[in-house]
Amino acid sequence: MNIESFLSKHSKPALQNDPPGSWMPQLPEKCIRLSSGYPDPSLVPVEQLKKAVNRLLEEEGDLPLHYLGSPRMDQLKTHITHRLKERGMDVEEEELLITSGACQAIDLIARVFIDEDSVVAVESPTYMEALEIFQNYTNHFISIPIDEHGLQTEKLEEILAERTKKGLPLPRLLYTIPTFHNPTGTTMTAARRKHVMKLAEEYNFLVLEDDAYGDLYFEKSEATLKSLDQSNRVLHVGSLSKVVAPGMRIGWVAAAQECTEALNWFKKDLDHPFAKASMAAYLEQIDLNERLDTLRTAYQQKRDVLISALEEHLPDSVSWFVPKGGYFIWVRADGVDTDHLLEQALDAGVAYVPGKYFFLPADEKAAYLRLSFSYASEDELVEGVKLLANVLNKS
């Protein structure tokens, strides 16, 4: 049997791309994982989650284990909309769709709003898993560069004006990570945020705001694009993966009710009722703002440790952005092919993610790499940079 003959016309081109997760190397035992965008294991609230699950089952018995799940599933929406309102987003529960993590939210948005002829505007570089998702639906992209102040909106405006002049199709969707960007760690300025919303109105496109790291600020909270949205153009995607536990797979889309209803049509019952009820039970018993303060303090300290190690050990030819929140530092090593260098780094005992995976093939940049300060211990951060410096000095 030739399975290819049964594939849909949408599947065939998507399967020509690199497989999902191909950017993740096989790590040697005891390798220092500066590659992992995971929470610090010591900050995952294992005991509190255990108590929440026990209380949930004691109070509700088998109810959370059924298809329809627990009434606490609806309470989870209440918890999340309350948090969004604290951040300036006036979102009602009908405008919120809970998803199995942020990636399901992005995939649903792509499935509902993007077809094979659609153009998607993305930052360059950008989150590699979002690129994987969008490439399943279209091969038409516009890349907008990032600098230390985030998305270069003036470049976006130039591109949009030029495409309009030439009669080329305009993007249906802009995908952006304006706050503590993955991978660069940069944050879009307030002026550029307003400019994005102005361009969305003028050139008639939707904005997918990926805000996975928005709560992990070290200096101040940033106004989300959703909080600036006056015409329901923003689909705000968030997650509890970075601030509670990624294995719970709790994400969301906050958008106009018509949007969330359309997304839910395709989501159907692809839920995790037990995880949703467990998360709601957990949020009932904690002060989320207090937890967020703890996380900010811990991750800021780890960022500072990593920055100090970079300053002390890396060659002067290497540069980076200093993030004001989130998990990541984006490193530029001119004259180095970081993809080829990775094998040597792994042999030495340290892992990173080569920059090429955050770019579309036409934009691929060899001299960049992403480091994470979230997962490894402070001692490992320092030792990992020393190992990386030795590899770079030999290249």
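What span should the twelve residues of helix α10 (residues 273–284) have, and how far apart are its end C-alpha atoms? At 1.5 Å a residue the helix should span 16 Å, and the end C-alpha atoms are 17 Å apart, which agrees. The model is a predicted one, and α10 is a convenient place to enter it.

Helix α10 is largely enclosed by the rest of the structure, because ten of its twelve residues are buried. The buried residues are Pro273, Ala275, Lys276, Ala277, Ser278, Met279, Ala280, Ala281, Tyr282 and Leu283. Lys276 is thus listed as buried along with nonpolar residues such as Met279 and Leu283. The cover over the buried residues of α10 includes the helices α2, α3 and α11, and also β2 (96–99).

Met279 leads from this helix into the nonpolar interior. Leaving aside residues up to four places away in sequence, Met279 touches Leu76, Leu240, Val244, Met248 and Ile250. Two of the residues just named, Met279 and Ile250, are joined by Leu371 as those with the most contacts inside the largest nonpolar core, which has 71 residues. Helix α11 (residues 288–313) supplies the largest share of this core, with nine residues. Another core lies apart from it and has 38 residues, including Leu108, Val120, Ile177 and Leu263.

Leu371 points the way to the next element, strand β14 (residues 368–372). Five of the five residues of β14 are buried, so the strand is largely enclosed by the rest of the structure. The burial applies to both faces: Tyr368, Arg370 and Ser372 are buried on one side, and Leu369 and Leu371 on the other.

Strand β14 belongs to an open sheet of four strands in the order β10-β11-β14-β13, with antiparallel pairing. The edges are held by β10 (318–320) and β13, each with a single partner strand, so one side of each is left without a neighbour in the sheet. Within the sheet, β14 is joined to β11 (residues 328–333) by five bridges, and the two strands run antiparallel. Val331 stands opposite Leu369 of β14 in this arrangement. On the β13 side (residues 353–354), two bridges make the connection to β14, again antiparallel. Here Pro354 has Leu369 as its bridge partner in β14.

Charged side chains give another set of links. The whole structure contains 25 salt bridges. In one of them, Arg72 pairs with Glu59, with the closest N and O atoms 2.6 Å apart. Arg72 lies in helix α3 (residues 72–86) and Glu59 in helix α2 (residues 46–60), so the pair ties together parts that are 13 residues apart in sequence. With a relative accessibility of 7%, Arg72 counts as buried, the cut-off for burial being under 20%. The Arg72 and Glu59 pair is also part of a network of salt bridges that links Arg55, Glu59, Glu60, Arg72 and Glu284. Glu284 brings the account back to α10, whose residues are 273–284.

Other salt bridges stay inside one helix. An α-helix has 3.6 residues a turn, so residues three or four places apart point the same way. Asp107 and Arg111 sit four residues apart in helix α4 (residues 101–113), about one turn of the helix. Their salt bridge has its closest N and O atoms 3.1 Å apart. Asp107 is buried, at 17% relative accessible area, whereas Arg111 is partly exposed, at 34%.

Helix α6 (residues 153–166) holds a pair with this kind of spacing, as Glu162 and Lys166 are four residues apart, about one turn of the helix. Their side chains meet in a salt bridge at 3.4 Å, N to O. Glu162 is partly exposed, with a relative accessible area of 36%, and Lys166 is exposed, with 56%.

A database record gives a frame for these parts. In an unreviewed UniProt entry, the annotation "domain: Aminotransferase class I/classII large" covers residues 30–383. Over that range the chain is 42% helix and 17% strand, and the end C-alpha atoms are 12 Å apart.

Conventions. Residues numbered from 1 in each chain as written. Predicted model: local features only at pLDDT ≥ 70, side-chain atom pairs only at ≥ 80, totals over all residues. Heavy atoms only, no water. Buried < 20%, exposed > 50% of the residue type's maximum accessible area, 1.4 Å probe, protein only. Pairing = 2+ DSSP bridges. Core = buried A, V, L, I, M, F, W, Y, C linked by side-chain atoms within 4.5 Å. Contact = heavy atoms within 4.5 Å. Salt bridge = Lys/Arg side-chain N within 4 Å of Asp/Glu carboxyl O. Expected span 1.5 Å × (residues − 1). UniProt positions renumbered as here; feature names shortened; annotations may be inferred.
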